[in-house]
Number of protein chains: 2
Amino acid sequence: MKSIRVGLVGCGTVGTGVARILLENESLLKARVGADIQLRRVADIDLKKNRGIRFDKGVLIEDASEIVDDPDIDIVVEMIGGLGAAYDLILAAIKNGKHVVTANKALLAVHGNALFSAAFKKGVDLAFEASVGGCMPVIKTLRESLVGNRIESMIGILNGTCNYILTQITREGMTFKEALAQAQAQGLAEADPTLDVEGHDTAHKLAILSALAYGMTVNLKDIYVEGISGITPLDIDFARQFGYTVKLLAISKNFGNRVEARIHPTMVPENNLLSGVNGSVNALTITGDRVGDMMLYGYGAGMMPTASAVVSDIVDLARNLLSGSRPLRIPMMSYQKNHIRKLPVVPIGDIYTHYYFRFSALDQPGVLSKISGVLGKYGISIQSVHQKGRKTNGSVPVVMLSHKAREKDVVSALSKIGAMDVVGAKPILIRIEEEVQQQ
Amino acid sequence: MKSIRVGLVGCGTVGTGVARILLENESLLKARVGADIQLRRVADIDLKKNRGIRFDKGVLIEDASEIVDDPDIDIVVEMIGGLGAAYDLILAAIKNGKHVVTANKALLAVHGNALFSAAFKKGVDLAFEASVGGCMPVIKTLRESLVGNRIESMIGILNGTCNYILTQITREGMTFKEALAQAQAQGLAEADPTLDVEGHDTAHKLAILSALAYGMTVNLKDIYVEGISGITPLDIDFARQFGYTVKLLAISKNFGNRVEARIHPTMVPENNLLSGVNGSVNALTITGDRVGDMMLYGYGAGMMPTASAVVSDIVDLARNLLSGSRPLRIPMMSYQKNHIRKLPVVPIGDIYTHYYFRFSALDQPGVLSKISGVLGKYGISIQSVHQKGRKTNGSVPVVMLSHKAREKDVVSALSKIGAMDVVGAKPILIRIEEEVQQQ
């Protein structure tokens, strides 16, 4: 039986998951692939950690260069994470003609262009299914299943930590801080949760997806990012009264000559499937010009769901080797290199969408008229208003839903309204996404 | 630029969709594939029909043998449908060394073994992504994305016609007949709807999925099939009162040495994602030992969603040809030939599940005790009982939900109960699926 030899660098959570699948499901993989996917070497700086795996003698080593420089190794799996050592390792592996599998979305979002160029020049594959959406096959679906479609939009929940926190605020009425503490206690959030809760992890993923879907280069800094740390039970409660659920959405739309790419808390209609995606799960709606709306749903993180995606990449590359396929059978970035364009990303001030506003206003006659007067002056028309109860420090919440308006105008109007004597605190703004697939 | 030459046989609804994607999205396909996917010939018995396409001269022909025998054609796309001509065409194409793409689930469910064997022997690929789930990439997900997983179960809505009808009964309180008539008026159901509404189309699809997921041969006749024509607004209404939605589910479970494979109307808990899949859409939940539960969702039929899946197959095969890959890069049936087993399918009488019963009983003391006495004798324990209102002809509906029970015992008990003087009409039974993923 033929053998494909794999070297794994970094045996932390996901790396351990990959090793376990390759070892525990070895006979299943043989039955499917018709070859032995051999885990030849595993490099990690911590040789003593108990990973629940009994490696054969000589498999677990300390020095990654013994993998990268081993001429017998076909595929190098980078599971180190971070931007430094992982970058150097992948470049070294490419230089030595190895195919590489990674799940490192931060690295790809920041240094993707350099790494893909190096792989392309050397004629090796750099596979990254596990970098976005865990076990959901988002990369494969965009590059292969939807190859005949012009992708029109992608809207999704791509960070399980944020979705867990928002679910807890919604279901249990917790504050953000309480829900975050619970997520940390359950191992669903890091000690420093900034990357997740401020939306940056989601932005890394949307950068990769937009590049693949639209055939464009994406600058991370062009993506508007707003996290969930400002979300309160009060706003979630109002959202529910209007028939919405609050989710941290990654939103990307293709207008042909420009795209939208933004991450922010969003009110989603309750009859939309995304509003029913709860807990630490991910989901992505993709709209293609031929398929209409489709959706993928599954665990977007965690040892095994992510490791499963890594293994699918390993097998894809193994199948290329076994079938005699030349590398780059599928272009890594979904489009041929000479067809990848620079496309402008619409600045957040220029988007048009629906809005939810919450003002903290003095409970006296004429306030509503003053507020709506300013909104009217900026061309923002109101769909419904809600004003009642819960007086705090003499103020009442005034909640409004707007028709489609330009963000720039909204920001100007809210700044004017926030400066009024009759309005306390800073006005709250949550964008509404009405255009996702209704059931 | 390299060229892959495609011959399309059968230019009906889906065939026309395939032609349109290849022609209308030609430049998009070039940008992604790096080659020209050339629609060289289209054969159809009706040359005069207006398909909204302007074929180049000589492309549209009457005689399919001009495609099958053309040495320049690389890939033959079978869009004839049915079991006769389609079977002969595919065999002839294979004999001539062509790779074949089909969406013909009925053909594969009945003659799949013969066709796959012929393709294997000749060393060509027979691709069939569009045969199940329309635009949802179910075949690719099972064969590639979940390759490292032991598949534990698949539960899904695989027939858009049935789901549309059930949605209408649920939302509008229509009878089955009314909802069917509406589906027919909207082109969502055939004039003879038997294949769809009696569950056979769903069974064809589940046969294919079970084979791919578990590495087994499936006899269509081993799959228990029960359609939706007996579903009434009354039962759907009771289901709602208990917190359930009624769906026609394809249910397949892998117990290692045996499998379950069955199609029947099923009560699904309302907090399950499948219960929120409405209208003519499909969805499939797949549970893998590594990924846990994941779900695919999208249009399972219709010209363009199905054609999109056919095009993804064409491109997969084109990429094999362009990259110099040997055929059968991925085993057609997901497992290597020598690893495909015969696995027994559990007879429906031997399954254990939860049940909903509705009895039409005389409104007099002691009836409930008689009914539950018989159930108890057969070891069927009741979780809740509902008895009220709606007297018709002196009878009232008595509704019960059972704990897990064996179907054989349930059938015996219901037959005894149905024969009682105090019980009119035939008792109604709907199976309940509690084991699908909860949110």
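**Exercise 1. Find the bridge partner of Val6(B) in strand 2 of chain B, and place that strand in its sheet.**

Step 1. In this predicted model, Val6(B) has Leu39(B) as its bridge partner in strand 2 of chain B. Strands here are DSSP runs of E with at least two residues, helices are runs of H or I with at least four, and both are numbered from the N terminus.

Step 2. Strand 1 (residues 3-9) and strand 2 (residues 36-43) of chain B run parallel and are joined by seven bridges. Two strands pair if DSSP finds at least two bridges between them.

Step 3. The open sheet of chain B has six strands in the order 3-2-1-4-5-6, with parallel pairing. Its edge strands, strand 3 (60-61) and strand 6 (126-127) of chain B, each pair on one side only.

Residues are numbered from 1 along each chain as its sequence is written, and chains are lettered from A in the order in which they are written. Local features need pLDDT of at least 70, and side-chain atom pairs count only at pLDDT 80 or more, whereas totals for chains, interfaces and linings use all residues.

**Exercise 2. Determine how chain B is laid on chain A.**

Step 1. Two copies of a chain are related by a rotation about an axis and a shift along it.

Step 2. A turn of 180 degrees with a shift of 0.0 Å along the axis lays chain B on chain A with an RMSD of 0.0 Å. The superposition is by least squares on the C-alpha atoms of residues with pLDDT of at least 70 in both copies.

Step 3. The two copies are therefore related as by a two-fold rotation axis. In chain B, the C-alpha nearest this axis belongs to Ser325(B), at 1.9 Å.

Step 4. Both copies use the same surface: 96% of the contact residues of chain B recur in chain A. Contact means that the C-beta atoms of two residues, placed from the backbone, lie within 7 Å.

**Exercise 3. Locate Leu328(A) and Ala425(A), and state the phi of each.**

Step 1. Most residues other than glycine have a negative phi.

Step 2. Leu328(A) has a positive phi, near 55 degrees. Leu328(A) lies in the loop between helix 12 (303-323) and strand 14 (341-342) of chain A.

Step 3. Ala425(A), also not a glycine, has a positive phi of about 55 degrees. Ala425(A) is in strand 19 (residues 423-432) of chain A.

Step 4. Leu328(A) is partly exposed because it has 18 C-beta neighbours inside 10 Å. Ala425(A), with 14 other C-beta atoms within 10 Å, is partly exposed. The cut-offs are 20 or more other C-beta atoms within 10 Å for buried, 12 or fewer for exposed, and in between for partly exposed, with C-beta atoms placed from the backbone.
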